[in-house]
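Please look through the sequence and the model shown here before reading on. The report is meant to be read with both in view.

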Protein chains: 2
Amino acid sequence: MLLKDLQTVTIVGLGLLGGSLAMAVRRTRPGTRIIGYAHRPATRRLARRLKVVDDVTGDLQEAVGDSQMVVLATPLSTFPSLMAGMAGALSPGAVVTDVGSTKVQVHAWAMEYLPKGIEFVGSHPMAGSEQRGLAAARADLFSGALCFVTSGRSDKGAGKGLVVDLWQELGCRVCQINPVRHDRIVAGISHVPQAVAVALVNATNGRYIQFAGRGFKDTTRIASSDPRIWTDIFMTNAANVKGGLDKVIRQLQSLQRSIGSMDRTGIRHHLAKARLKRRPIASF
Amino acid sequence: MLLKDLQTVTIVGLGLLGGSLAMAVRRTRPGTRIIGYAHRPATRRLARRLKVVDDVTGDLQEAVGDSQMVVLATPLSTFPSLMAGMAGALSPGAVVTDVGSTKVQVHAWAMEYLPKGIEFVGSHPMAGSEQRGLAAARADLFSGALCFVTSGRSDKGAGKGLVVDLWQELGCRVCQINPVRHDRIVAGISHVPQAVAVALVNATNGRYIQFAGRGFKDTTRIASSDPRIWTDIFMTNAANVKGGLDKVIRQLQSLQRSIGSMDRTGIRHHLAKARLKRRPIASF
C-alpha cells in the first residue's frame, strides 16, 4: 500500500507523542481518518475537546478494526497486552508500528503477540521532551526530528515503505537501521545520559539546588521526565545501558584520579577531549 | 567608600566576563571611568574598536594605579602573578575583587600577595556560558544572575558593601557567604555537573554523536566549555569536586545494579526521587 492510499490510521495512546502525531497527520493528510484509543476517560474527553482525532474510543478492538495502520504510542510495558488485545481485530494486511524508545524487545513482542499477515515495523522518532500528556502535544513536534525505522528479519518490506513515507511526510529525517544497532546507539546518546542526569540530581545536596544556574538546569533537565516511561526504557534496554554506565563510571574515576592528584595535564586532557568530541554538535 | 563615589574601576582581563562587566558598568554608571587590562594585543585592539572601556593597556601597574576598585576577570591560575604584579601600584584604600568560580584558594592568594591596607572581597557571579572571549560579551550578562560575595575573616567590611552594591546595581541577586561554604555549594551545582558532562561525552561512542537529540545536547552542553578555565576550577576546588564525584559514582552504581537485576521498583525509585528533587527548578 502507498501512503496516498492510507484512508484510516489508529493511534493507540494520546499522550505527548500520540497526540502530536494525530495533529501532525491531520495537518499533512487532511483526507486521512484518524482514530484515537485512550484508556483514560479524561484523555478521551480532552481529545474530543481539542479535536485532535476524528473518533476516540476506549475499546481497543473497535479502534483498530477499520485501520490500515496502527501506531502504538503508549509506555513500552503496555505493548504486550495491547498487541494481544488487538490481534484478533486487526484487518488483514494492516501495518502496525510504534513510537517506543527501544526496538529489540518490541520486535520480539510483535513476533509473539501479533498474528501472521500483520507486518510490524518499528519507529522511534527522537522527539518529545520532559513534558508529557496530550495538553503538551503540538503538530510540529516531529518536524526536523530524526526518526529511526526498524524491521524484523522476515519482513517483506511493503509496510516499511509506508512507515518511512509517513515519517518523512511529517518532516522527519528517517534512518533505517536494524533493531540491535538501534538499541546500542540510543543507549549511548539517550538512555545512558538519562541515567547520568538522574544520578547527578540524586547525588546533589537538595539544599544547594536553589542556587543552581543554567548549567545545572540544562545538564539535569531530562531528570524531570516521566519515571514510568523511563523505567520501561531501562528495563527493555538493560544490557546496553548497564554497559554504557560502566564506561561513564570509568571515565569519572579517571577524571577523579586526575583531580585528586592535582594532575593539571591529566585534567586538561579530559576537558579538551570532551570539547573536541562534542564539536560536531556544538552550536558555535 | 560608597558606590556613588566610585570614579575609576579597572577590569583585569577582557574576556566574556570582564568584557560584559565593562559593558554593564558603562551602561549603569556612565560617569565611572573604566580601565581595561588585557595581556593580548588582539584583545586590546578589539576592546578599543568595541569601545567597551575608556582606556585599555597591557601594563598592569599603569592599569590599576588610579583605581578605587580592581576586578580580576582572568583564569584563576593567573591570580597569584597578577596580584603580586599589581601589589606595589595599587592606591591606598583600593578594593580588589574578582569573578572567579572558587573562593577559598583566591582568598588565600589575596592574603599572600596583596599588601596590607588593600581589602580583598571575593565575587562569583553565576553568569557566563560555554562561549568565551570579548566577542561574546554583552551588557546584560549579569542581569538576574546570582552573585556570591565572600570576605575573609579580618575584613572591616567597607569594601564588601561597595562590591555588593555594584553587583546589585548590575542586576544580580547577591548572596553573602563564607568562602568555605561557597566552594562546597558550587562544587555541587556547577563543578561536579561539569565533570559529569565531560565524563559522559568521553564515554560516548564518537560515531553515535551525530544521532544526538536535544537531550544529549543539553546534558553535555557545558562540556564544550574552555578547558583552561575548568582545569583551574578543578585544581582550586579539588577536594569538594572529588567528594562530589564519589557520590555521583555511588548513585550510578546503585542505579546500574537496579537495571542489571531488572528491578523495576528500584529503577522507578531512582527516577521518581530525581524528578521530585528537581521540582523546584523544573520549568513546568
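The sections below take up the model and its confidence, the relation of the two chains, their contact, the sheets and the helices.

## Model and confidence

This is a predicted model, in which local features need pLDDT of at least 70 and side-chain atom pairs count only at pLDDT 80 or more, whereas totals for chains, interfaces and linings use all residues. Residues are numbered from 1 along each chain as its sequence is written, while chains are lettered from A and ligands numbered from 1 in the order in which they are written.

Chain A averages a pLDDT of 95, and 98% of its residues score at least 70; pLDDT is the predictor's confidence in each residue, from 0 to 100. For the complex, the predictor gives an ipTM of 0.93 and a pTM of 0.93. Where pLDDT is low, the predicted coordinates should not be read in detail.

## Relation of the two chains

A turn of 180 degrees, with a shift of 0.0 Å along the axis, lays chain B on chain A with an RMSD of 0.0 Å. That is the relation of a two-fold axis. The copies are superposed by least squares on the C-alpha atoms of residues with pLDDT of at least 70 in both. Of the residues of chain B, B:T219 comes closest to the rotation axis, with its C-alpha at 1.9 Å.

## The contact between the chains

Chain B and chain A each give 72 residues to the contact, where two residues count as touching if their C-beta atoms, placed from the backbone, lie within 7 Å. On the side of chain B, the elements that give two or more residues are α7 (179-203), α8 (214-220), α9 (227-236), α10 (238-260) and α11 (264-277). Of these, α10(B) gives the most, with 15 residues. Helices (H or I, at least four residues) and strands (E, at least two) are DSSP runs, numbered from the N terminus.

The residues on this side of chain B divide into 41 nonpolar, 20 polar and 11 charged; Ala, Val, Leu, Ile, Met, Phe, Trp, Tyr, Cys and Pro count as nonpolar, Asp, Glu, Lys and Arg as charged, and the others, Gly among them, as polar. The copies meet through the same surface, because 100% of the interface residues of chain B are also interface residues in chain A.

## The sheets

In chain B, eight strands form an open sheet of mixed pairing, in the order β3-β2-β1-β4-β5-β6-β7-β8, where two strands pair if DSSP finds at least two bridges between them. Its edge strands are β3 (55-57) and β8 (173-176) of chain B, each of which pairs on one side only, and the twist averages 25 degrees from one strand to the next. Strands β5 (residues 95-98) and β6 (residues 119-125) of chain B run parallel and are joined by two bridges, with B:V95 opposite B:E119 in β6(B).

## Helices on the sheet and at the contact

Helix α5 (residues 104-113) of chain B packs on the sheet, touching β5, β6 and β7 (146-151) of chain B, and its direction makes about 160 degrees with that of β6(B). Axes here are lines fitted to C-alpha atoms, for helices over the stretch in contact, and angles run from 0 to 180 degrees between N-to-C directions.

The helices α10(B) and α11(B) pack at an angle of about 145 degrees, with their axes 7 Å apart. Their contact is made by B:L255, B:S258 and B:I259 of α10(B) together with B:G266, B:I267 and B:H270 of α11(B), and these residues divide into three nonpolar, three polar and no charged.
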